[in-house]
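Let's take a walk through this one, starting with a pocket and then stopping at two residues along the way.

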Amino acid sequence: MPVVSRRWGDLDLGAGTLAVTSQLQQLGGRLAEGPPKSEAGRRVIALDKTTVAALAGHRARQQAERQAAGARWVQAEYVFTIPVGRPVAPDRVTRLFRDLVTASGLPPVTLHGLRHGALPV
């Protein structure tokens, strides 16, 4: 399943926007980045203030991980990474999300289903 791959350059935290320009797929155990499936997939999404604040905090924590990793850090500029800077694999994100939804007691929802809640700018 492809997921949107975000790099810090796709985010404008000051303006509260996210530019969707690519997706990350797991193909044969390897990660491959490519364009969205359709032109409609390329868009700019507005971010609410809570999300912007969470991303700013995440960036600060990631900077600490970068310093701790030292020379092992991979300079790929992904927003969501493992502790050495590589992107988190889509299947791992899906599993973690499913576990969080189950633990929350909320009605089932998939990551794919969340896209219906994002508003275009």
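**A pocket and two residues**

In this predicted model, the second largest pocket holds about 150 Å³ of space. Its lining is made up of 11 residues, and those nearest the centre of the pocket are Phe97, Arg98, Val101, Val109 and Thr110. Helix α2, which covers residues 90-104, gives the most to that lining, with five residues. As for chemistry, the lining of the second largest pocket splits into seven nonpolar residues, three polar ones and one charged one.

While we're on helix α2, have a look at Thr102, which lies in that helix. Is Thr102 buried or exposed? Thr102 is exposed, because its relative accessible area is 60%, and the cut-off for exposed is over 50%. For a sense of distance, pick Asp12: Thr102 and Asp12 are 90 residues apart along the chain, and their C-alpha atoms are separated by 32 Å.

Now hop over to Arg6, which sits in the loop between β1 (3-4) and β2 (11-12). With a relative accessible area of 8%, Arg6 counts as buried, because that value falls under 20%. So what does the side chain of Arg6 make a polar contact with? One partner is the side chain of Asp10, at 2.9 Å. The Arg6 side chain also reaches a backbone atom, the oxygen of Ala19, at 3.2 Å.

Leaving out residues up to four places away in sequence, Arg6 touches a run of neighbours at Leu18, Ala19, Val20, Thr21 and Ser22, along with Glu77, Tyr78 and Val79. Ala19 thus turns up in that list of contacts and also as the residue whose backbone oxygen the Arg6 side chain reaches.

How values were computed:
Residues are numbered from 1 along each chain as its sequence is written. This is a predicted model: local features need pLDDT of at least 70, side-chain atom pairs count only at pLDDT 80 or more; totals for chains, interfaces and linings use all residues. Side-chain values use heavy atoms; hydrogens and water are left out. On a 1 Å grid over the protein atoms alone, a cavity is a set of points where a 1.4 Å probe fits but cannot get out, and a pocket is an open set with protein on both sides within 12 Å along at least five of seven lines; lining residues have an atom within 4 Å of a point. Grid points are joined across faces, edges and corners, and a volume is the space filled by probe spheres set on the points. Helices (H or I, at least four residues) and strands (E, at least two) are DSSP runs, numbered from the N terminus. Ala, Val, Leu, Ile, Met, Phe, Trp, Tyr, Cys and Pro count as nonpolar, Asp, Glu, Lys and Arg as charged, and the others, Gly among them, as polar. Buried means under 20% relative accessible area, exposed over 50%, partly exposed in between (1.4 Å probe, protein chains only). A polar contact is a pair of N or O atoms within 3.5 Å; within protein, one must be able to donate a hydrogen and the other to accept it, and residues adjacent in sequence count only if both atoms are side-chain atoms. Contact means heavy atoms within 4.5 Å.
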